[in-house]
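Visitor: Could you walk me through this model and tell me what stands behind the terms you use?

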Amino acid sequence: MNIEHLIDLNDCSKEEWEQIIDLAVQISNNPEEYSEHCKGKILATLFYEPSTRTQMSFQTAMLKLGGSAIGFDNPLNSSVSKGESLIDTIKIVSGYADIIAMRHPVEGSSLASAQYSNCPIINAGDGGHLHPTQTLTDLVTLRKEIGNINNLTIGFCGDLKYGRTVHSLIKALCHYNNIQFMLISTPELTLPTYFKDYILSNNCNFREISSLEQAIPELDVLYMTRIQKERFTSEALYLQLKNIYILDNKKLALAKPTLKILHPLPRVDEIAVEVDNDERAVYFKQAKYGVYARMALIITLLGQNYKQYQLKGSPSNHLCSNSRCITNQENGIQKSFYQVGGQSYCEYCDTQVQ
Ligand code: NCD
């Protein structure tokens, strides 16, 4: 395998990420066998945004592998509060730890970090952009709960605009056979153009629909999401949209008996608590599978020959039009753009150049 960092799951091939999933499934069947695998190794979790599952499951994964964990979950308790740049923090921490899992509100922050780090960087969420380890978790869940990831109709419901878990999972699912995407959202929360283009350029199809009731009877998998309050610039718009989709037993009565309901969690109101008792609800199991997915990822990355990330696109002095992109938020980051189908995209945040 040839991956030094995990920034975007699509940096590796489907065969490569399937090897990580195979290992995660193997670990889940016999976790004790791996209890000494990372003895003496240190994981640093740098969380610039709130997290329960992702951060704790990374720490649990490393502890279950016999290693140790350091880090912060509130940057105000670190030198960030004194004005230290992200890149300086990464240069320092990568001298202490063997592997870093980081979550940051700015898009492209993990990719920028991987160019300066002296150890592997795992993107545990970069703003509203990507969240590849949630995708590994979701794929392990589909494997364990359904068996086969091909020939599925999958509905994504809720905040498809800012939901980074949705973005990463859609990109991965485009590489399986006969996946039908149902995008269930309102016009304000629709999937960004880049991801729609990605679906089409990989010869997959999507349908857009605003009604969960109308979509649910066709689905094999329903991926519910939280409206991402922290990414809204208008409080009024958030309040208008926050309860727009609620899955309850009445809607679930319209679904197939074999449906699987996933949610990256945390949930707010989008799944009624009554649904938790339905055997089709697998979101709490999904959170547990995340530990095995992260154990497999840590083992894989620590087994590689380490290299700093090299930009793949063309270096440029052009500004990215996305104000949430790291190239507009931190000094000294080399801007870079790549081409697909005659269009140019920012390598850090995938925003299309207009
Ligand atoms: C998600 C995230 O942080 O993007 N949660 C997670 O990692 N399990 C989804 C969310 O916060 O809504």
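Guide: Let's start with Asn178, which sits in the loop between H6 and strand S6 (179-184). This is a predicted model, where local features need pLDDT of at least 70, side-chain atom pairs count only at pLDDT 80 or more, and totals for chains, interfaces and linings use all residues. Residues are numbered from 1 along each chain as its sequence is written, and side-chain values use heavy atoms, with hydrogens and water left out.

Visitor: What makes S6 a strand?

Guide: Strands are DSSP runs of E with at least two residues, helices are runs of H or I with at least four, and both are numbered from the N terminus. S6 covers 179-184, so it counts as a strand.

Visitor: What is the phi of Asn178?

Guide: Positive, about 50°, even though Asn178 isn't a glycine.

Visitor: How do you know that Thr54 makes a polar contact with the ligand?

Guide: A side-chain N or O atom of Thr54 is 2.9 Å from a ligand oxygen. A polar contact is a pair of N or O atoms within 3.5 Å, so this one qualifies. Gln228 has a similar pair with a ligand oxygen, at 2.8 Å, and Gln134 has a polar side-chain atom 3.3 Å from a ligand nitrogen.

Visitor: How much of the ligand does the protein cover?

Guide: The protein covers 94% of the 310 Å² the ligand has accessible on its own (Shrake-Rupley method, 1.4 Å probe). Helices H2 (53-64) and H6 (164-173) are the elements giving two or more residues to the shell.

Visitor: Which peptide bond is cis?

Guide: The one joining Leu265 and Pro266, with omega about 10°. Pro266 lies in the loop between strand S9 (260-262) and helix H11 (283-302). Leu265 and Pro266 are also among the residues surrounding the ligand (a heavy atom within 4 Å of it).

Visitor: Why are residues of H1 and H5 said to meet?

Guide: Contact means heavy atoms within 4.5 Å, so Trp17 and Ile21 in H1, for example, are among those that pass, as are Leu136 and Arg143 in H5.

Notes. Polar contact = N/O pair within 3.5 Å; in protein donor to acceptor, adjacent residues only side chain to side chain.
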